[in-house]
Amino acid sequence: MERHWSHYMHLGFVHFMLFPEVMGGDGPILESLRHLTADDFFQVAEITHIADPDVAKQAKALSETTKLHLGFGVQPILLRNQFNLASIDESHRQAVVTRVKQAVDEAYAMGTRVLGLFDGPSSYPGEEYKEQALNAFAESLKEICAYAEQQRTDYTLWISLEQFDRDVDKKSLVGPIEDTLPLCQAVRAQCGNFGLLVDQGHLPLLGETPEGTLSAAREYLGHIHLGSCIKKPGHALYGDQHPRFGHEDGENDTAELTEFLRTLFEIGYFDKDVPTEKPLCTFELKPAPGEDSLSLMANAKRTFQAAWAAL
């Protein structure tokens with residue numbers, strides 16, 4: 001590719017996955033965030049709930065000083081609390097919607113333009129109750145999107161739905177693209193601030209291909225995660241554990257990232273009107289035992305540069 005990648009996209013990292021010690025809302029949030037703010041290879045960091053208001057203010061100031069854009073991820077909140085936005089138990093569903101609305105407020109306070117979420121862990125109830133769960137999830141998404149619209153400032157927060165695996169690790173309702181698209185259509189019909197987040201590392205777990213999923217999702221696509229996974233049962237990192245690119249048992253490396261980026265160009269992702277300054281591609285890698293976060297940053301950068309050169 002002749003032009004620099006920054007002409008087409010903003011690259012970033014999922015901060016709370018790169019530094020999992022901050023996933024609960026505390027820990028070395030500022031110290032770890034500085035590794036991303038100091039590296040001009042990245043323009044975005046996806047953060048999550050920050051428990052200490054003073055730390056949140058400092059994180060926002062740090063991002064503004066260094067011109068690092070922030071995104072907000074609700075996924076850790078849902079996972080750690082076993083919350084299910086697709087629950088057919090109405091009292092549970094409403095309680096989770098209320099918590100996500102609080103996250104919307106947090107996202108606005110941090111100046112983020114996009115909020116990523118999913119239905120919740122172990123949310124697939126089986127075929128008998130699948131349609132009921134999908135309808136419940138659609139209602140949750142509509143309520144959250146409407147709340148984000150009501151709370152708008154000089155912009156409206158975009159709600160970004162992430163696909164997860166259905167039968168390997170997270171066992172999520174959403175899910176295969178054939179179930180995801182009708183849901184997206186139903187929500188987008190009422191909510192203009194809604195779109196789909198496709199994670200490269202989830203596609204092998206779903207038995208899907210970049211060409212098939214990205215082509216089908218192009219109308220709703222507004223956010224991308226780059227990463228890998230391991231499909232070997234019994235492996236210590238089996239499932240959705242975000243291994244580094246090029247892991248000897250992993251699914252994705254330079255060739256797969258090249259294909260993924262090429263497909264994004266083919267479907268016009270980098271020409272889309274998106275809620276962020278430029279289309280987002282954020283790495284989601286997690287240190288395995290014996291690995292460290294800074295080495296994974298280097299892994300992502302070198303893999304991306306090799307993939308870009310191969311386009």
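Me: Which residues line the largest cavity?
Reply: The lining is made up of His15, Val22, Gly25, Ile29, Ile47, Thr48, His49 and Ile50. Keep in mind that this is a predicted model.

Me: How do those split by class, nonpolar, polar or charged?
Reply: The lining of the largest cavity has 4 nonpolar and 4 polar residues, with no charged ones.

Me: And how much space lies in there?
Reply: About 40 Å³ for the largest cavity. Searching the whole structure for cavities of 30 Å³ or more turns up 1.

Me: OK, pockets now. What volume does the largest one have?
Reply: The largest pocket comes out at about 300 Å³. It has 17 lining residues, and Leu68, His69, Leu70, Gly111 and Arg113 are the closest to its centre.

Me: Which helix and strand each supply at least two residues of that lining?
Reply: Helix α3 (53–66) and strand β3 (69–73).

Me: What's the class mix for the pocket?
Reply: Its lining divides into 6 nonpolar, 6 polar and 5 charged residues.

Me: Switching to helices. At what angle do α9 and α10 cross?
Reply: Roughly 25°, with the axes of α9 (residues 210–217) and α10 (residues 254–266) coming within 10 Å. Angles under 35 degrees count as roughly parallel, so α9 and α10 are roughly parallel to each other.

Me: Left-handed or right-handed crossing?
Reply: α9 and α10 cross in a right-handed way.

Me: Which residues make the contact?
Reply: From α9 you get Pro210, Glu211 and Leu214, and from α10 Glu259, Phe260, Thr263 and Leu264. By class, that contact has 4 nonpolar, 1 polar and 2 charged residues.

Key. Residues are numbered from 1 along each chain as its sequence is written. This is a predicted model: local features need pLDDT of at least 70, side-chain atom pairs count only at pLDDT 80 or more; totals for chains, interfaces and linings use all residues. Side-chain values use heavy atoms; hydrogens and water are left out. On a 1 Å grid over the protein atoms alone, a cavity is a set of points where a 1.4 Å probe fits but cannot get out, and a pocket is an open set with protein on both sides within 12 Å along at least five of seven lines; lining residues have an atom within 4 Å of a point. Grid points are joined across faces, edges and corners, and a volume is the space filled by probe spheres set on the points. Helices (H or I, at least four residues) and strands (E, at least two) are DSSP runs, numbered from the N terminus. Ala, Val, Leu, Ile, Met, Phe, Trp, Tyr, Cys and Pro count as nonpolar, Asp, Glu, Lys and Arg as charged, and the others, Gly among them, as polar. Axes are lines fitted to C-alpha atoms, for helices over the stretch in contact, and angles run from 0 to 180 degrees between N-to-C directions. Angles under 35 degrees count as roughly parallel, over 145 as roughly antiparallel, 65 to 115 as roughly perpendicular and the rest as oblique. A crossing is left-handed if the near helix is turned anticlockwise from the far one by less than a right angle, and right-handed if clockwise. Contact means heavy atoms within 4.5 Å.
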